[in-house]
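Q: Could you walk me through this structure step by step? I am new to reading models like this one.

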Amino acid sequence: MVADNLRQVQKNIEKACLTVGRDPAEVTLIAVSKTKPVPLLQEAYEAGARCFGENKVQEIMDKYPLLPSDIRWHMIGHLQRNKVKYIVDKAAMIHSVDSLRLAQTIEQEAAKRGVRVPVLFEVNVAQEETKFGLKTEEVLPLVQAVAEFPHVEIRGLMTIAPYVNNPEDNRGIFRELKKLSVDIAAKNINNVTMSVLSMGMTGDYEVAVQEGATMVRVGTGIFGERDYLR
Ligand SMILES: *Cc1c(COP(=O)(O)O)cnc(C)c1O
């Protein structure tokens, strides 16, 4: 099941790339495994998945020692500052940086452990009140401030688009995030690359790929519906 789903999602990414002349190798699939048990992650691993996405620190901590060490764990959920210390040396990338205070904490904890942490800034492009993330106009000033931090590597931007029935409804949001990343890249800020655009989920990842996503975060499409009541 999981293996078939994974292959199907990969095929769909390839197809979406072909429609716009992109190389599928530019797009990394993150298997979003939140709430899912370790045997299902193992199945995805055996089918070739190496990047997993989780939205809770505790869940990364629990799963990390039980699965192969070449897995790259992506922290994609809202991150509380008091929990940064637990994952700063476990997360391959933190997608959800949305304040200077959080970036400062990541800098401090990374310095303590002598690591450099790749991060993305989360942008609430759709300006949904229920979501975390920066306003579009807040991103550049924050990038400029955090660029000075020696243990934080700014790699790009992330957004969580609204839940929609028609993925075309999110195309404008993906375009806007891409435009913002191009504008910031053009400033040539030291220690900053805008090489990663993390956008697109089960309902809309193909549109996101067409609009320039370099990482898509797919959960349901690989592991099936989540059961939060368990
Ligand atoms: C849960 C989650 C996803 C995956 O959502 P699906 O619709 O199941 O693919 C992607 N990104 C973030 C930030 C999430 O929390």
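A: What follows takes up the strands, the cysteines, the nonpolar cores and the salt bridges in turn.

Q: Before we start, what kind of model is this?
A: This is a predicted model, and it helps to keep that in mind through everything below.

Q: Okay, strands. Why is strand S6 described as largely enclosed by the rest of the structure?
A: Strand S6 covers residues 152-158, and six of its seven residues are buried, so the strand is largely enclosed by the rest of the structure.

Q: How many bridges join strand S5 to S6?
A: Six bridges join S5, which is residues 117-122, to S6, and these two strands run parallel. As a landmark in this pairing, Val117 stands opposite Val152 of S6. Between the two strands the chain passes through helix H6, residues 136-146, and the resulting β-α-β crossover is right-handed.

Q: And how many bridges join S6 to strand S7?
A: There are four bridges between S6 and S7, the latter being residues 192-198, and this pair also runs parallel. Here you can look for Leu157, which stands opposite Leu197 in S7. Together with helix H7, residues 171-185, S6 and S7 make a right-handed β-α-β unit.

Q: Switching topic: how many disulfides are there?
A: A search of the whole structure finds zero disulfides.

Q: Why is there no bond from Cys17 to another cysteine?
A: The closest cysteine sulfur to that of Cys17 belongs to Cys51, and because the two sulfurs are 15 Å apart, they are too far from each other for a bond. A disulfide would need the sulfur atoms to be within 2.5 Å.

Q: Are those two cysteines buried or exposed?
A: Cys17 counts as buried because its relative accessibility is 0%, and Cys51 is buried as well, with a relative accessible area of 11%.

Q: Which residues have the most contacts inside the largest nonpolar core?
A: The largest nonpolar core has 66 residues, and Phe52, Ile94 and Ile106 are those with the most contacts inside it. Helix H1, residues 2-20, gives the most to this core, contributing six residues.

Q: What does Ile94 touch?
A: Leaving out residues up to four places away in sequence, Ile94 touches several partners, including Met75, Leu79, Ile87 and Ile106, and also Val117, Pro118, Val119 and Leu120. Apart from the largest core lies another core, of seven residues, and among them are Ile30, Met93, Met158 and Met215.

Q: Last topic, then: how many salt bridges are there?
A: A search of the whole structure finds 16 salt bridges. One of them joins the side chains of Glu26 and Arg22, with 3.0 Å from N to O. In that pair Glu26 is partly exposed, with a relative accessible area of 41%, whereas Arg22 counts as buried at 13%.

Q: Where do Glu109 and Lys112 lie?
A: Both lie in helix H5, residues 100-113, and they are three residues apart, which is about one turn of the helix. Their side chains meet in a salt bridge, at 3.1 Å from N to O. Glu109 counts as buried, with 11% relative accessibility, while Lys112 is exposed, with a relative accessible area of 63%.

Q: Which residues are joined with them into one network?
A: Through salt bridges that share partners, Asp89, Lys90, Glu109, Lys112 and Arg113 are joined into one network. Within it, Asp89 forms a salt bridge with Lys90, and their closest N and O atoms are 3.8 Å apart. Asp89 is partly exposed at 39%, and Lys90 also counts as partly exposed, at 24% relative accessibility.

Note on methods. Residues numbered from 1 in each chain as written. Predicted model: local features only at pLDDT ≥ 70, side-chain atom pairs only at ≥ 80, totals over all residues. Heavy atoms only, no water. Buried < 20%, exposed > 50% of the residue type's maximum accessible area, 1.4 Å probe, protein only. Pairing = 2+ DSSP bridges. Right-handed = clockwise from strand over helix to strand, strands pointing away. Core = buried A, V, L, I, M, F, W, Y, C linked by side-chain atoms within 4.5 Å. Contact = heavy atoms within 4.5 Å. Salt bridge = Lys/Arg side-chain N within 4 Å of Asp/Glu carboxyl O.
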